[in-house]
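Thank you all for coming. Please take a moment to look at the sequence and the model before I start talking.

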Amino acid sequence: MADRSAPGDIIIAPSILSADFARLGEEVRAIDDAGCDWIHVDVMDGHFVPNITIGPDVVQALRPHSKKVFDVHLMIAPCDPFIEAFAKAGSDIITVHAEAGPHLDRSLQLIKGFGKKAGVSITPSTHESTIAHVLDKIDLILVMTVNPGFGGQAFIPAQLDKIKAIRKMIGSRPIHLEVDGGINATTVALVAEAGANVIVAGSGVFKGGTYADNIAAIRRNAERARAAAA
Ligand code: DX5
Ligand code: ZN
């Protein structure tokens, strides 16, 4: 379950938020077979975001269904009391929100202490300068391209400048730049051109068409846009 990808590689991470929750294990196996790279797990608490989804027991139950990286996105506040449970449940990457509490650095230390990769996410209203002080401590930055809480929302184009700015801030550091929200085979070209390399897609993978075709189309358009921008 180790992340063997290089920081610049295009990585497709379907969000199981858009899967059939009555058949989650089967859905995880289906996106694995369909060629995804990582599996994105959206954890919501009804407090930090206006929705409630998946807890650590569900992550643990899903773990035997795939050997791929579990990319766990915590949209919860506080997050620190739950990091141990998500780490022990089999998460590979744990991402917390910079807005979720006053002690971001402490949350990152906790994640690293459990031997996991650490990510920081920012919502559309947060400026990139908020995460400048943790750049040397993280493995991933997640730029939300919708307001977190629900799948199926429209991509917010104003986030493209932020993605470009963060790609510059990252420089040569080995940090993945992930985007999440409203990404499909069309919008992926914009974010990949702006510098994102990890692509989360919920509706874009699970709704309409086959999972394999949807993943392949998103990957193809991301790689094309990235090559054109290089
Ligand atoms: C939103 C979640 C996303 C969501 C994306 O709060 O973090 O991962 O599932 O769904 P789509 O791709 O449908 O916008
Ligand atoms: Zn997410």
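I will go from the overall fold to the ligand, and then finish with one peptide bond.

What you see is a predicted model, in which local features need pLDDT of at least 70, side-chain atom pairs count only at pLDDT 80 or more, and totals for chains, interfaces and linings use all residues. Residues are numbered from 1 along each chain as its sequence is written, chains are lettered from A and ligands numbered from 1 in the order in which they are written, and side-chain values use heavy atoms, with hydrogens and water left out.

The protein chain has eight helices and eight strands, where helices (H or I, at least four residues) and strands (E, at least two) are DSSP runs numbered from the N terminus. Along its principal axes, the C-alpha trace spans about 40 × 40 × 35 Å.

Let me turn to ligand 1, which has 20 residues around it, each with a heavy atom within 4 Å of the ligand; Asp42, Asp180, Gly182, Gly202 and Ser203 come nearest. Strands S2 (38–44), S3 (69–75) and S8 (198–201) each supply at least two residues of this shell, and the largest share, three residues, comes from S2.

As for polar contacts, meaning pairs of N or O atoms within 3.5 Å, a polar side-chain atom of serine 203 lies 2.4 Å from an oxygen atom of ligand 1, while glycine 149 has a backbone N or O atom 2.8 Å from a ligand oxygen, and glycine 152 likewise has one at 2.8 Å. Taken alone, ligand 1 exposes 380 Å², of which the protein buries 99%, with areas from the Shrake-Rupley method and a 1.4 Å probe.

Finally, most peptide bonds are trans. Alanine 77 and proline 78, however, are joined by a cis peptide bond, with omega about 0°, and proline 78 is found in the loop between S3 and helix H3 (80–88).

Notes:
Polar contact = N/O pair within 3.5 Å; in protein donor to acceptor, adjacent residues only side chain to side chain.
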